[in-house]
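Let's take a friendly walk through a protein structure, one part at a time. Keep the picture open beside you as you read.

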Amino acid sequence: MSDEFVERWRGQLTESLVRVARLAPQAPEVDFASGLLATAVLWPVRERVQEFDGDAIDAIRAIAGAQSKHILRAVQAWDDDPLAAAHALAAAAQANPDLAAGLAAVVSHFDAANLLVARLGTMPPEVVNQIKAALVNIGGIINIQSLTLNVTHTLEIPAPPRPDRPPELDEFVGRMRELAVYAEALATRHVAVISGMAGVGKTALAARLARQFRPPDAIFWHSFREREGIEVIIWKLAGFLAWHGQEELWHMVQSARQTGSQLPPPETLFDYVLQMVEGRGYLLCFDDLHLVEKDPLLIRLVGRLRAALGLGGLALVITTRRVLSFMQMQEADSLAGLSAEDARLLLERWRLQLPGPLFERLYAHTGGNTQFLTLAMNVLQQEADVAGALERLAESDNIERYLLVEVEERLNEQEQMAMGAVAVLLGYPGSQDVIEAMLDGESMRRSLRQLVDRHLLIVRDGARGKEYQQHAMVQAFYYELLGRTKRRSMHLRAAAFYEMDDPDLLRAAIHYERGGSTARSAQLATQGLPALISQGQTRSLRHLLQQFTAAHLEPVDWINVNLALGQLCALVGEDEQARGHYQEALDRLERIDGSQTAYALRARALRGMGQLVYNEEPQEALVWLQQAFDALASAGGEADSQLEAALYLDIGWAHRRLHNLAEAMDAFQHGLARLPRGPSQLRGDALTRLVALHVAQFDLENAQRYAQMAVENSRHLGNVWHEQTVLAMSGNIKHLGCDWKGAVTDYEAALGLAVQIGDRSVHAAMETNLGIAHTNLGNMDAALAHLTSGLDLSRQSRLRSCELKAQLAVSKLYMRLGRWADAENHLNAAEELVGKTASGEAQFHLPLILSARAELRLLTGNIEEAAAIAARSVALAIAQDKQVDLAVCQRIQGQVLMARGETMQARTLLEQSLPLLQGRHRYEAAKSQAVLGQTLCKTGDAGRGAALIAEARATFTALDAKFELADLAHLSTLSAGQP
């Protein structure tokens with residue numbers, strides 16, 4: 001830590017403490033536990049109290065001596081209702097400026113402390129606990145945040161593992177023609193697909209091609225395993241990018257793993273990955289891609305990757321045994337074995353000289369297959385009778401097995417042990433440490449080196465240093481060669497190693513299952529469910545859990561397995577399978593005595609049942625969820641507060657779907673109050689749902705308060721996806737409240753995050769929203785630029801709902817600019833999109849599209865046509881029961897009626913519509929006031945009309961609505977129908 005940083009931090013800290021000390025006499029509520037600040041202040045700089053700044057010492061003494069009944073009372077109330085305590089303190093601070101200023105000073109102090117913690121990495125546990133205690137006691141950020149969020153949630157993000165490197169190939173020979181062909185494909189199409197049968201040398205060729213095309217640090221290499229999902233690539237790329245200084249994604253996935261949060265969908269994450277790799281010149285290598293060809297995500301993710309290839313040098317190498325469905329014809333050439341010339345070069349590298357006829361026999365029997373040749377050379381090098389060995393090879397029905405048996409007979413005992421141990425790793429690479437652990441500590445260094453030299457083991461630089469594995473055919477042979485008892489004991493030692501020495505939950509669980517310790521395997525797999533899901537191991541985990549049966553597990557373990565399988569099936573949209581697993585858990589629970597554990601498990605199973613239907617059948621969901629709540633209450637003892645909170649949120653969501661807004665609000669607030677202190681995904685869910693409810697009730701003040709809490713929660717978790725969504729919600733709230741400048745700030749922040757992570761849908765939406773906000777502010781050039789960008793992005797990504805909104809907004813902008821033909825074209829496009837879009841949401845835009853068309857007809861003098869269209873828009877708005885839209889449509893209809901000379905009918909309509917807007921939408925209400933004011937002036941009520949126009953002008957001035965202010969003078973002309 002530099003002296004400059006210490007001085008800057010100490011200065012900031014001292015200033016904040018002095019401010020608090022000065023405020024303490026006027027705000028006795030500002031209180032800290034005695035001595036906590038001194039510890040937090042003095043430990044980092046390691047100075048004695050007497051040597052520290054005198055003002056800071058005075059401040060500490062003043063604060064420690066202050067008394068606070070109010071904050072202590074609020075803290076004591078937390079056990080009953082944390083949110084109520086937060087509201088009480090916030091209310092007190094709002095009524096007492098000194099208290100508000102004092103708490104703000106305290107918060108700035110801890111901002112400085114947190115900065116120091118981040119710089120140092122860690123503090124002693126007792127110091128961390130004291131800082132947290134002080135944070136609890138001070139109450140936090142008083143105007144917008146709940147006290148329950150104020151205990152700093154500092155995650156210790158582990159360093160990323162060292163990325164896997166391509167296999168080491170010291171003796172690669174030949175393949176010059178193939179290398180040139182694939183190098184040309186990389187240079188021109190930015191993708192090389194190496195397909196071919198097992199053992200033909202695909203991986204070796206890909207490794208040589210990769211090292212020839214890019215330096216090692218620019219190569220991302222991943223070899224797929226059986227039953228692995230394509231989404232594991234995201235986890236691996238997160239570590240690779242963090243290793244290269246791009247740590248955002250790594251921090252996010254690690255935060256999700258530690259907090260149990262759910263990551264965004266793989267497609268969204270993959271878009272973010274593509275943003276991060278763009279312009280870096282990386283070469284991505286996917287080895288054995290055929291192993292994940294049944295993953296439904298594969299084609300979608302590879303499609304996204306293809307679109308990005310070539311940008312900034314990004315390129316892709318794939319190896320596969322089969323030509324996969326998404327590959328293009330020019331990529332379909334299959335790799336053959338080595339040519340005779342290259343095969344002879346390989347033998348010469350082994351110092352194996354064969355006469356022409358013997359070489360030709362060997363080449364004919366192996367077909368140039370690299371793996372067969374490697375095995376054959378291991379045999380022939382130690383064979384006195386080469387001709388006899390080749391004769392036996394020719395007579396063999398199974399060349400592969402014959403060669404493997406011959407190789408095995410020529411290995412010494414230690415080499416055989418090493419080959420068996422690597423086979424037990426099931427195709428995963430393993431370090432020397434795990435291999436020796438499986439062999440009771442037997443040193444394997446020399447044997448491993450010899451086996452690598454003979455090309456019987458593949459070695460690569462991995463996360464754990466040198467890691468060893470075998471070709472698939474060799475692994476299968478040696479695994480079968482081990483006796484059942486030997487295999488199981490080695491699996492158990494590997495499991496213990498991966499559980500304790502080199503933690504890897506999935507590997508440990510797999511090895512425990514193979515070793516016959518099914519109970520321990522099930523326990524690890526179910527306990528580690530959130531972490532394994534966040535690592536992209538859903539498919540592997542599901543396959544493992546499906547190996548268990550009720551006969552081999554204790555009842556509670558079997559129930560946990562079914563609960564985990566239910567969650568995994570629901571996650572991939574297999575609701576019927578999920579329902580079956582939850583029902584199995586419930587059936588088994590009927591046979592267990594009513595213990596606390598049983599009731600808690602029952603609550604989880606019932607909650608799972610409810611979650612499966614709360615979107616389509618919310619009433620049925622409420623029945624399941626209430627049963628879950630009752631089961632949790634029956635558990636007694638220490639209630640699972642997180643599960644209780646989650647149930648409240650689920651119940652609230654079901655009520656929301658049923659439009660029971662009061663019940664939903666109550667459930668969400670109870671859920672928020674039950675959550676443990678600190679940021680979490682559940683807290684974010686509760687806050688965003690409360691935002692939506694308050695918006696639905698036009699309670700914009702509370703909606704904004706909860707939105708800001710949700711933003712802070714997302715930032716603590718490092719969840720930029722949630723943060724951008726909440727910032728967009730915050731912008732929408734400000735827009736509804738006609739704070740367009742504030743909306744622009746939030747929209748721009750959300751836009752920046754969307755660009756950063758490659759979220760095209762949010763990017764397009766924010767461009768459109770910014771265009772609408774700038775239109776309202778009268779910034780026409782900026783509005784047109786944003787709306788055009790939003791429209792282009794929506795079209796490119798086929799986001800029809802967003803495109804529809806942008807089309808309508810552009811048409812209204814062109815109407816303001818007097819470009820009638822352009823406005824007509826965009827209205828036509830918007831109405832056409834309504835017909836093409838399957839979503840029912842698109843229909844809700846139709847009244848406003850029609851009202852805009854009616855206004856356009858009025859502006860261009862087509863009054864009768866305008867009247868017919870306006871009447872249609874009003875009828876649709878009434879049918880949809882959308883009050884604000886109805887009022888807007890009625891205003892346009894009123895203007896049309898005025899143009900037709902039907903002034904009294906227009907006045908009656910406008911009088912009816914204005915109350916629908918007042919108190920709900922200041923901007924639209926002011927526009928209706930202006931129109932009604934002009935109508936009143938024409939119908940003999942000039943005094944009230946002038947008052948309404950003055951009120952509208954005041955609102956437009958406050959909102960900085962330049963266009964409307966300029967348009968007030970034009971309203972009388974518009975009402976007369978003269979463009």
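## Strands that run side by side

In strand β4, the bridge partner of V193 is I318. This is a predicted model, and the pairing of these two residues is a good place to start reading it. V193 belongs to a strand whose faces are both covered, β1, and β1 covers residues 191–195 and pairs with β4 in the parallel sense over 5 bridges. Another contact between these two strands sets A192 opposite V317 in β4.

Strand β3, residues 283–287, also runs parallel to β4, and 4 bridges join them. Here L283 stands opposite A315 in β4. As a general point, strands of a sheet pair through backbone hydrogen bonds, either parallel or antiparallel.

## Strands wrapped on both sides

How many residues of β4 are buried? The count is 6 of the 6, over residues 315–320, so β4 is largely enclosed by the rest of the structure. Its two faces are both covered: A315, V317 and T319 are buried on one side, and L316, I318 and T320 on the other.

Strand β1 tells a similar story. Of its 5 residues, 5 are buried, so β1 is largely enclosed by the rest of the structure. V191, V193 and S195 are on one side of β1, A192 and I194 are on the other, and all are buried.

## A sheet with antiparallel pairing

Further along the chain there is an open sheet of 3 strands, in the order β5-β7-β6, with antiparallel pairing. Its edge strands are β5 (430–431) and β6 (458–462), each of which pairs on one side only. Strand β7 covers residues 465–469 and pairs with β6 over 5 bridges in the antiparallel sense. To find one of these contacts, look for I458, whose bridge partner in β7 is Q469.

## Helices, inside and out

Helix α27 (residues 538–545) has 6 of its 8 residues buried, so the helix is largely enclosed by the rest of the structure. The buried residues are T538, S540, L541, R542, L544 and L545.

Helix α14, residues 340–349, holds L347, and L345 is in α14 too. Is L347 buried or exposed? L347 counts as buried because its relative accessibility is 2%, and buried means under 20%. L345 is partly exposed, with a relative accessible area of 37%. Both residues also have partners to look for elsewhere in the sequence. L347 and T374 are 27 residues apart in sequence and 9.0 Å apart in space, C-alpha to C-alpha. For L345 and F172, the separation is 173 residues in sequence and 9.9 Å in space, again C-alpha to C-alpha.

## Two unusual backbone angles

Most residues other than glycine have a negative phi. H190 has a positive phi, near 65°, and is not a glycine. H190 sits in the loop between α8 (176–189) and β1, and its relative accessible area of 26% makes it partly exposed.

C738 also has a positive phi, about 65°, although it is not a glycine. C738 lies in the loop between α36 (720–736) and α37 (740–757), where it is buried, with a relative accessible area of 5%.

## Charges that pair and charges that gather

Side chains of opposite charge can pair when their charged atoms come close. How many salt bridges are counted in this model? The count comes to 32 salt bridges. One of them joins E499 to R520, with the closest N and O atoms 2.5 Å apart. This pair links distant parts of the chain, with E499 in helix α23 (residues 484–501) and R520 in helix α25 (residues 518–527), 21 residues apart. K734 forms a salt bridge with D746, the closest N and O atoms being 2.9 Å apart. Here K734 is in helix α36 and D746 is in helix α37, 12 residues apart. K734 is partly exposed at 21% relative accessible area, whereas D746 is buried at 8%. Salt bridges also link E824, E831, R853, R857 and E865 in a network.

On the surface, D575, E616, E617 and E620 gather in a patch of negative charge. E617 is in the loop between α30 (596–613) and α31 (618–635), and counts as partly exposed at 43% relative accessibility.

Definitions and conventions. Residues are numbered from 1 along each chain as its sequence is written. This is a predicted model: local features need pLDDT of at least 70, side-chain atom pairs count only at pLDDT 80 or more; totals for chains, interfaces and linings use all residues. Side-chain values use heavy atoms; hydrogens and water are left out. Two strands pair if DSSP finds at least two bridges between them. Patches are made of residues with over 30% relative accessible area and no salt bridge: like charges are joined within 9 Å, nonpolar side chains (Val, Leu, Ile, Met, Phe, Trp, Tyr) within 5 Å. Accessible areas come from the Shrake-Rupley method with a 1.4 Å probe; for residues, only the protein chains shown count as cover. A salt bridge is a side-chain nitrogen of Lys or Arg within 4 Å of a carboxyl oxygen of Asp or Glu. Lys and Arg count as positive and Asp and Glu as negative; His and the chain ends are not counted. The place of a charge is taken as NZ of Lys, CZ of Arg, CG of Asp or CD of Glu. Buried means under 20% relative accessible area, exposed over 50%, partly exposed in between (1.4 Å probe, protein chains only).
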